[in-house]
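This report describes how one protein chain is folded and how its parts touch each other. Please keep the sequence and the structure in view while reading.

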Amino acid sequence: PYTDTNKPSTHYAPEHLEAAKQMAIQSAILLKNENNVLPLSKTAKIAIIGPMADAPHDQMGTWSFDGQKDKTVTPIKALNSDYKNIKYVYEPGLRFSRDKDTGSFEKAKQAAASADIAIVFLGEEAVLSGEAHSLSNINLVGAQSELLKAVKSTGKPVILVVMAGRPLTIEQDLPYADAVLYNFHPGTMGGPAILDLLFGDANPSGKLPVTLA
């Protein structure tokens, strides 16, 4: 059947957003959960750290030319709406994934120290993946690994959430995280989907199609 070009298109309809959220939930992969640190308690104070915690454009991933970043619900935005009763402190530590400036690491450590648990959102910007964007080094870019180590040095439990357009070689980072949730780029509704998974309102059921080393 042909599309009726005279019929107006509907963007960001509630049912479409709910479908996007469910896709993000079902594609997330729980790689590690030591000492059952997950699911999180909704009475705990959490520290939100990392450049991908509030990156609406990058969360959509590559090939999203028509995506409207103001419609993207990031983890920070979801905390202020869907999970507005959660106590949290936010310190990105890095401005973007490739950032190598460690000048805000002390603030990130202070944020982690003031909380019961730290969630570190790392990964890669949308522009780094996609066609003609191959990399010879697929470790976490910038100073992200160093940020994770700095947060872990506070002694608080650490949850690593990865948003990336490809499998990344994160084996060297695993010792510095008590739990790891791999989301690739989760799209428009990635924020509430991730929080549902972290707080136990949804179960991570995704499986890796590749080996991460």
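A residue counts as buried when its relative accessible area is under 20%, as exposed when that area is over 50%, and as partly exposed in between. Glu125, with a relative accessibility of 8%, is therefore buried. The model discussed here is predicted, and the values below are computed from it.

**The sheet**

An open sheet of six strands has the order β1-β6-β5-β4-β2-β3, and its pairing is mixed. At the edges stand β1 (29-33) and β3 (88-91); each has a single partner strand, so one side of each has no neighbour in the sheet. From one strand to the next, the twist averages 15°.

Strands β2 (residues 46-49) and β4 (residues 117-123) run parallel and are joined by four bridges. Within this pair, Ile49 stands opposite Val120 in β4. Helix α5 (residues 144-152) packs on the sheet, where it touches β2, β4 and β5 (158-163). The direction of α5 makes about 175° with that of β4.

**Helix α6 and the cores**

How many residues of helix α6 (residues 190-198) are buried? Nine of the nine are, so the helix is largely enclosed by the rest of the structure. Among the buried residues are Gly190, Pro192, Asp196 and Leu198. The buried residues of α6 pack against the helices α1 (14-27), α2 (56-60) and α3 (75-79), and against the strands β4, β5 and β6 (179-182). After α6 comes Gly200, which has a positive phi near 80°.

In soluble globular proteins, nonpolar side chains tend to be buried together. In this model the largest nonpolar core has 33 residues, of which Leu40, Ile46, Ile119, Phe121, Ile159 and Leu198 touch the most other members. At least two residues of this core come from each of α1, β2, α3, β4, β5, β6 and α6. The element that gives the most is α6, with five residues.

Ile119 shows what such packing looks like from one residue. Not counting neighbours within four places in sequence, Ile119 is in contact with Leu40, Ile46, Ala47, Ile48, Ile49, Ile159, Val161 and Leu198. Apart from the largest core lies another core, of 28 residues, including Ala112, Leu122, Ile170 and Val180.

**The loop between β1 and β2**

Several residues of this loop can be picked out. Asn35 is located in the loop between β1 and β2. Its phi is near 55°, a positive value in a residue other than glycine. With a relative accessible area of 73%, Asn35 is exposed. Pro39 also lies in the loop between β1 and β2, and the peptide bond from Leu38 to Pro39 is cis, with omega near 5°.

Lys42 belongs to the loop between β1 and β2 as well. This residue is partly exposed, at 43% relative accessibility. Neighbours within four places in sequence aside, Lys42 is in contact with Tyr83, Ile86, Phe199 and Asp201. The side chains of Lys42 and Asp201 are joined by a polar contact of 3.0 Å.

A positive phi in a residue that is not a glycine is also found at Ala132, where the angle is about 65°. Ala132 is in the loop between β4 and α5 and is exposed, with a relative accessible area of 76%.

**Salt bridges**

The whole structure holds seven salt bridges. The table gives three of them, with the distance between the closest N and O atoms.

| Basic residue | Acidic residue | Closest N and O atoms |
|---|---|---|
| Lys21 | Asp196 | 2.9 Å |
| Arg95 | Asp99 | 3.3 Å |
| Arg98 | Glu125 | 2.8 Å |

Which parts does the pair Lys21 and Asp196 tie together? Lys21 lies in helix α1 and Asp196 in helix α6, so the pair ties together parts that are 175 residues apart in sequence. Lys21 is buried, with a relative accessible area of 14%, and Asp196 is buried at 10% relative accessibility.

In the pair of Arg95 and Asp99, Arg95 is exposed, with a relative accessible area of 64%, whereas Asp99 is buried, with 5%.

Arg98 lies in the loop between β3 and α4 (105-113) and Glu125 in the loop between β4 and α5, so this pair ties together parts that are 27 residues apart in sequence. Arg98 is partly exposed, with a relative accessible area of 41%, while Glu125 is buried at 8% relative accessibility.

Note on methods: Residues are numbered from 1 along each chain as its sequence is written. This is a predicted model: local features need pLDDT of at least 70, side-chain atom pairs count only at pLDDT 80 or more; totals for chains, interfaces and linings use all residues. Side-chain values use heavy atoms; hydrogens and water are left out. Two strands pair if DSSP finds at least two bridges between them. Axes are lines fitted to C-alpha atoms, for helices over the stretch in contact, and angles run from 0 to 180 degrees between N-to-C directions. Contact means heavy atoms within 4.5 Å. Buried means under 20% relative accessible area, exposed over 50%, partly exposed in between (1.4 Å probe, protein chains only). A polar contact is a pair of N or O atoms within 3.5 Å; within protein, one must be able to donate a hydrogen and the other to accept it, and residues adjacent in sequence count only if both atoms are side-chain atoms. A nonpolar core is a set of buried Ala, Val, Leu, Ile, Met, Phe, Trp, Tyr and Cys residues joined through side-chain atoms within 4.5 Å. A salt bridge is a side-chain nitrogen of Lys or Arg within 4 Å of a carboxyl oxygen of Asp or Glu.
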